Amino acid sequence: MLFRPDNRPPGDLIRGRGAQSRPANPHLRTNLEADLEQVAGDDEYLAELGKPPTVYLSDESQSLVTENRSPDINFRYSVNPYRGCSHGCSYCYARPTHEYLGMNAGLDFETRVLVKHRAPQLFRRWLARPCWAPEPIAFSGVTDCYQPAEREFRLTRGCLEVALECRQPVMVITKNALVVRDLDLLGELANWRLAKVAVSVTTLDDALARDMEPRTSSPPARLRAIGELAAAGVPTMVMVAPVIPGLNDSEIPAILEAAAEAGARGASYVLLRLPTTVEPVFMDWLRRARPNFTSRVEHHVRSTRGGQMYQSRFGLRGRGSGPMAEQIAQAFGVFAKRYGLAGETAPLDCSLFQPPSSGPGQRMMF
């Protein structure tokens, strides 16, 4: 049975979750609807439906590294040890990827997380390919590699150990302070110019972060993570991602200042993206969590997307268009320069790569 809390009043949130519903999967011919008439008087049962637990499922994928061909993304290859993300960020652009697994982009995305238990071994196999010409690989190209599952499964750490062994350069993107657990590996990689980290700081407002990104680190914890990474010699950037027009865009100067004080060396931003079923998930969250902002945010989003809620065109999807988008870009540029975050970090060194040591079995041919 699928729980669809669509008729709850504004302000009535499923605590600890960003999505507040399970939108229909457009790839399925049949979708289930909850029929709660027979349990209408069972308050205890209904209360439990509003507390969906996180379930970890085994992912038996035979590959780990994904190739990206999008011209507006600055990396070609990425590693994602997990599919789905229990951070529960209401705006997450990766939500529709769960629909290809027969699930939904709402609560399923953050409560049914697939775990690639063999991630380090698969990463080693990839790097052992004779055709591999080393270039930086991003960790978290889709979902966060330091989401809560990483505390238990330690797959990201295992992959970083392989990267260090092979002198493979990596770029880590996260909004979870758990990244500092691996300072020993990231620091050593950085000593060889083989690692850099980008920490996402969406807001400095603890209450907004708690509602919008319910199961990730608080803003102060992320800033402390930036400081610890920088102190360990790891080149660290801050990502203001996403910038939500009418909700957090006014925080850009304060976020950049705080990140610079913490030790960040660079900064970037991404405008809110609401592809396909991300839009109803985010807008449903907004109506419930911040009802007074709903009309303003929708108006400003449309003003940056040619009157629509989303534009998928390369070059526009991450920046938008129109006066509002230009104003955000200009403000970001001005304050990034003011706080010394406008420069490029040094490129990673790909010349040190060495294939992993031979193990049992035949090496991959391709």
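Which residue just after α12 takes a positive phi? Keep that in mind; the tour reaches α12 at the end.

**Whole chain**

Start with everything displayed. This is a predicted model. The protein chain has 12 helices and 10 strands. Its C-alpha atoms fill a box of roughly 65 × 50 × 35 Å along the principal axes. The radius of gyration is 21 Å, which agrees with the value near 21 Å for a compact globule because the chain has 366 residues. Colour by accessibility next: buried residues account for 54% of the 366 residues. If you draw a contact map, count the contacts with a separation of 6 or more; 79% of them come from residues 24 or more positions apart.

**The sheet**

Select the strands of the seven-stranded open sheet, whose order is β2-β3-β6-β7-β8-β9-β10. The pairing is mixed. At the edges are β2 (65-67) and β10, each of which pairs on one side only. From one strand to the next, the twist averages 25 degrees.

Now restrict the selection to residues 170-174 and 195-200, which are β7 and β8. These two strands run parallel and are joined by five bridges. Show side chains for V172 and V197: V172 stands opposite V197 in β8.

**Across the sheet: α3**

Add residues 119-127, helix α3. Which strands does α3 lie across? They are β2, β3 (77-79) and β6 (137-139). Set the axis of α3 against that of β6, and the angle is about 170 degrees.

**Helix α12**

Move to residues 323-338, the 16 residues of α12. Put a distance label on the end C-alpha atoms: they are 22 Å apart, which agrees with the 22 Å expected at 1.5 Å a residue.

Select M324, A325, I328, F332, F335 and A336, which are buried. They lie on the same side of α12, because the arc they cover around the axis is only 110 degrees. Turn to the other side of α12 and select P323, E326, Q327, Q330, K337 and R338; these are exposed.

What covers the buried residues of α12? The cover includes two strands of the sheet already visited, β9 (236-243) and β10 (266-271). It also includes the helices α9 (252-262) and α11 (294-304). Show these elements together with the buried side chains of α12 to see the packing from inside.

**Last stop**

Step just past the end of α12 to G340. This is the residue asked about at the start: G340 has a positive phi of about 70 degrees.

Methods: Residues numbered from 1 in each chain as written. Predicted model: local features only at pLDDT ≥ 70, side-chain atom pairs only at ≥ 80, totals over all residues. Heavy atoms only, no water. Helix = DSSP H or I, 4+ residues; strand = E, 2+ residues; numbered from the N terminus. Expected span 1.5 Å × (residues − 1). Buried < 20%, exposed > 50% of the residue type's maximum accessible area, 1.4 Å probe, protein only. Arc of directions from axis to C-beta. Contact = heavy atoms within 4.5 Å. Pairing = 2+ DSSP bridges. Axes fitted to C-alpha atoms, helices over the stretch in contact; angles between N-to-C directions. Rg over C-alpha atoms; globule rule 2.2 N^0.38 Å.
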